[in-house]
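Q: Please take a close look at one surface region of this model, then relate it to a few individual residues elsewhere. Which side chains make up the patches, and where do they sit?

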Amino acid sequence: MAVPRMDSFKTVLKFFTDQKTTIGYSVMAILTIGSERIFSMVSFQCPCTKGQNFPYGMCFLLGPAVVLLVVGFFVSTRFWRLYTGCCLNPLKLCPRGNFVGCLSVFIKVLSGACVAPIMWLTVALLNGTFYECAVSGLEEITVVQIFCADKGPECQDQLHRVPCGKSQLPSDQNTELLYMLRAQSQILGWSIIITAVVVALIGTCYKNCVSQVSYLQLTFWKIYMDKEREKFDTYANDYATNLADRNLKSFFDNKFPEAFPFPNHKAWEEISSIYTFRKSEQHYSTLQRYVERSDRDYTPDEHPMVEMDHGIEMV
């Protein structure tokens, strides 16, 4: 019975591995909804005063979105591969004058970083709490005319109190204004969802339409890149462990360290660059392109260099 159970476990594991992107976005959506509910119920309290409603509501509506956008850039491997070292070598951003490829990379980085902020904005707008507070504090004539048309000057004076239920307006009028604010918020929320879905669909269709490789080869390419990243982490962990063992052994034994072959600085630079597909080559990554080069430099770094906070230090 152990073999069928193991096969079942492998099947389930493979399913979750294949669906890791979908699962990741689902978890992100759940966390976004949960965070928004916590903000709304625990920390958010609309001041319901003119001049404070708008900045307070917008702070809660846009503040977390900005933070999530920054975090999206921080966790983007593609962004750091593109950005690292570009101050010393600006041509690294657009190698060989490939501005189209450079722009494509920036769009991919930006679209990946925008997923979490868009989720936050849509959830917050569909709930409506932050939007109600922000818009009710505006004193622009256009906004007042939209909500207080045919309701008299008292509506204009009490609009900022509506989200708190403390206005001196009749109960039915207060409820009507609250529903109008919430309806506008939800319309904006659905507009963002529809726009994001349409843009994603058009972008995906365009990307596949101009692809220089077939669908199955593109699928193989994605699988290869996943496997290469997975194996790179394993190899890097093993080599880092061996290098640490060698250095510590040399230190405690008080003798010169053994020779330790290590890729040179130029090799690291070449495999760290953003990969751009060339139809004349059958390569799937910068690593494969480098190892298959006939003029590859095999000269190892005898003293691997690591950039620390206080400059370049020798390991």
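**Around helix 4**

A: Arg 81 is partly exposed, at 30% relative accessible area (partly exposed lies between buried, under 20%, and exposed, over 50%; 1.4 Å probe, protein chains only). The model is predicted: local features need pLDDT of at least 70, side-chain atom pairs count only at pLDDT 80 or more, and totals for chains, interfaces and linings use all residues. Numbering runs from 1 along each chain as its sequence is written, and side-chain values use heavy atoms, leaving out hydrogens and water.

Arg 81 belongs to helix 4, residues 77-83 (a DSSP run of H or I, at least four residues, numbered from the N terminus). Arg 81 is also part of a positive surface patch, together with Arg 78, Lys 108, Lys 207 and Lys 222. Patch members have over 30% relative accessible area (Shrake-Rupley, 1.4 Å probe) and no salt bridge, with like charges joined within 9 Å and nonpolar side chains within 5 Å. A salt bridge puts a Lys or Arg side-chain nitrogen within 4 Å of an Asp or Glu carboxyl oxygen. Lys and Arg count as positive, placed at NZ and CZ.

Helix 4 also holds Tyr 83. Tyr 83 is partly exposed, with a relative accessible area of 41%. Tyr 83 takes part in a nonpolar surface patch of about 830 Å². The other members are Leu 62, Val 66, Val 67, Val 70, Val 71, Phe 74, Val 75 and Trp 80. Helix 3 gives the largest share, six residues. Helix 3 and helix 4 each supply at least two. So helix 4 has a residue, Arg 81, in the positive patch and at least two residues in the nonpolar one.

Now the chain before helix 3. Cys 48 sits in the loop between helix 2 (20-43) and helix 3 (53-74). Cys 48 has a positive phi of about 55°, yet is not a glycine. Most residues other than glycine have a negative phi. Cys 48 is buried, at 8% relative accessible area.

Asn 254 offers a second positive phi, near 60°, again in a residue other than glycine. Asn 254 lies in the loop between helix 11 (215-253) and helix 12 (265-272). Here the side is open: Asn 254 is exposed, with 70% relative accessible area.

Last, an interior position. Ser 185 lies in helix 10, residues 171-209. Ser 185 is buried, with a relative accessible area of 0%. Beyond neighbours within four places in sequence, Ser 185 is in contact (heavy atoms within 4.5 Å) with Ala 124, Leu 125, Gly 128 and Tyr 131.
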